[in-house]
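Here is a briefing on one protein model. Please keep the sequence and structure in view while reading.

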Amino acid sequence: MSEAALNQINSLDVADQNSVADRFNENTTNKLGTENHISPNDHLSKNILGWYAICSAQTLKPGELYHFSMFNEPLVLYKDKNSTARCIKDLCPHRGASFINGVLRNGELTCPYHGGRFSSEGECLNLDRITCQHIVDSKYNNYAKKIHLFQYPCIEKDDYIFIYYTGNAKTNLNDFEINDSLEDSRTDSYGFNSKSCAYEEVYVDFKCDWTRIIENHLDILHIFWIHGDTIPDKDVNKSAITSFNQKITKDHRHIVSKYHHKSKEKGEFITISFIPPGRIVIYKGTPEEARYLQVLDHIPLAKNRARVIVRHYRKFLKNKLFTKLVLFKQLQHRIFYRIFSEDYMVLKTQTFNQQMGYIKKDNVKLLGEDKMIQYYWDWLKDSLKNEKPWEIHQTGLHTNTVHQDMPMKYPPENLDLANKNNLNLLTNLIIRALIPIGIIIILI
Ligand code: FES
Ligand SMILES: [Fe+2]
């Protein structure tokens, strides 16, 4: 297929919501007469391995290690002596200890087991001087030079730390061949200007399959039902549940679904864009005009463990003092945490049903509005033909889950952060209520 053809955007109107499964049979024609045979996989150029946003830049504090994992492989992020983000395999090349409780000083990482110290670039600096030289052979002095941390390419952009994940960490970063463009994942390359916005964000971890959360965020209908009481929008509630006119467009970088209310006066409801491998962007209008843009990054921590970074950019309420006064951040966080808790049981049980083989093609009946989910599955299926990330670092039944459990530190698995946020909100509300009362008492 030619480059021009690859870049050509195809579109499909899914104008009614009556029919279901037949829409997903190939080579059918919908009511508008448009050929309903779109295989986005002909166009999406990215597979499942590649650039992933892992955390925000502020999360990576100087002198601190950020432990996480990708497709079961334990990894660590930190800032080196030049404040450049580094991503390494969580494995000391001396005797295989983890760097959990290791020390990071001036960008040099010290292993907690025998004190092996590694430079910012990953070379071992001191192992030849910390043990009994005489018990090792004459080549011992070269020993430290030969051991080196295993790394992945890592870059800071738009206040995110991105890593280029291949499943095969290397001692020399120059040995990576990077074919994917990080630009394709950046919201700014679609016309959005993130620098002109303020944002709030939370991290949420789920004991469920990574793909189920992505599907959940491509699922337009569930927000009316399960989140109807939480989302502060009068048009989003159980009684307003509705069907949409849907227009799907795609190019080699992403698939975009625009949902319009059936009634013309109401106009567009929302646009959802899937940018492989793990990013979903939600907004209204065009990215240039959108007053509000939601970016969801889905991180496949391990089998049955996934993390989502939810970031809401906004062009309004940008005055820091004012947003602090009205407790905007805490109120937003409260909504985020509630929404994800609402999804959690569904996602966990759906994961079980999938693992048990209950969710097969014949057992699910998709609606017109589920078309994005179908496209996502098409992309996933094709990607998994080329790449098998879950097989690179396979875990067995008896594998110790220490690395898998450790990063599960955010709601809804652990409600500490949500509770802390609620407490903070309450305290601030009380303080704000007491100040005027205090002033009145003084004046009296
Ligand atoms: S295992 Fe790290 S220094 Fe020995
Ligand atoms: Fe949801």
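The points below cover the overall fold, the metal site, the buried parts and some backbone details.

This is a predicted model, in which local features need pLDDT of at least 70, side-chain atom pairs count only at pLDDT 80 or more, and totals for chains, interfaces and linings use all residues. Residues are numbered from 1 along each chain as its sequence is written, chains are lettered from A and ligands numbered from 1 in the order written, and side-chain values use heavy atoms, with hydrogens and water left out.

**Overall fold**

- The protein has 10 helices and 18 strands. Both are DSSP runs numbered from the N terminus: helices are H or I with at least four residues, strands are E with at least two.
- Of the 444 residues, 48% are buried. Buried means under 20% relative accessible area, exposed means over 50%, and partly exposed lies in between (1.4 Å probe, protein chains only).
- Among contacts with a separation of 6 or more, 62% join residues 24 or more positions apart. A contact means heavy atoms within 4.5 Å.

**Iron site**

- The iron ion (ligand 2) has protein donors from His222 (NE2), His227 (NE2) and Asp343, which gives two OD entries. They lie 2.1 to 2.5 Å from the iron ion.
- Donors are N, O and S atoms within 2.8 Å of the metal (3.2 Å for Na, K and Ca); water is not among the atoms, so sites may look incomplete.
- Angles among the 4 donor atoms run from 56 to 146°, and the site is irregular. Four donors count as tetrahedral if all angles lie between 85 and 135 degrees; four count as square planar and six as octahedral if opposite donors are over 155 degrees apart and all others between 65 and 115; anything else is irregular.
- Along the chain, the donors of the iron ion (ligand 2) follow the spacing H-x4-H-x115-D. His227 sits in the loop between α4 (222–225) and β13 (244–250), and Asp343 in helix α6 (residues 328–355), so the pair ties together parts 116 residues apart in sequence.
- His227 is buried, at 2% relative accessible area. Asp343 is buried, also at 2%.

**Buried helix and buried charge**

- In helix α3 (residues 210–218), 9 of the 9 residues are buried, so the helix is largely enclosed by the rest of the structure. Among them are Trp210, Arg212, Glu215 and His217.
- Arg253 lies in the loop between β13 and β14 (255–261). Arg253 is buried yet has no salt bridge.
- The nearest side chain of opposite charge to Arg253 is Asp184, 4.2 Å away. Lys and Arg count as positive, Asp and Glu as negative; His and the chain ends are not counted. A salt bridge needs a side-chain nitrogen of Lys or Arg within 4 Å of a carboxyl oxygen of Asp or Glu.
- Leaving aside neighbours within four places in sequence, Arg253 has contacts that include Leu44, Asp184, Tyr190 and Pro276.

**Cysteines**

- The structure holds 0 disulfides. The test is a pair of cysteine sulfur atoms within 2.5 Å.
- Cys111 is buried, at 4% relative accessible area. Cys197 is buried too, at 13%.

**Backbone details**

- A cis peptide bond joins Pro276 and Pro277, with omega about 5°. Pro277 lies in the loop between β15 (268–275) and β16 (279–283).
- Asn101 has a positive phi, near 70°. Asn101 is in the loop between β5 (85–89) and β6 (103–105), and is exposed at 69% relative accessibility.
- Asn304 has a positive phi, near 70°. Asn304 is in the loop between β17 (292–302) and β18 (305–314), and is partly exposed at 26% relative accessibility.
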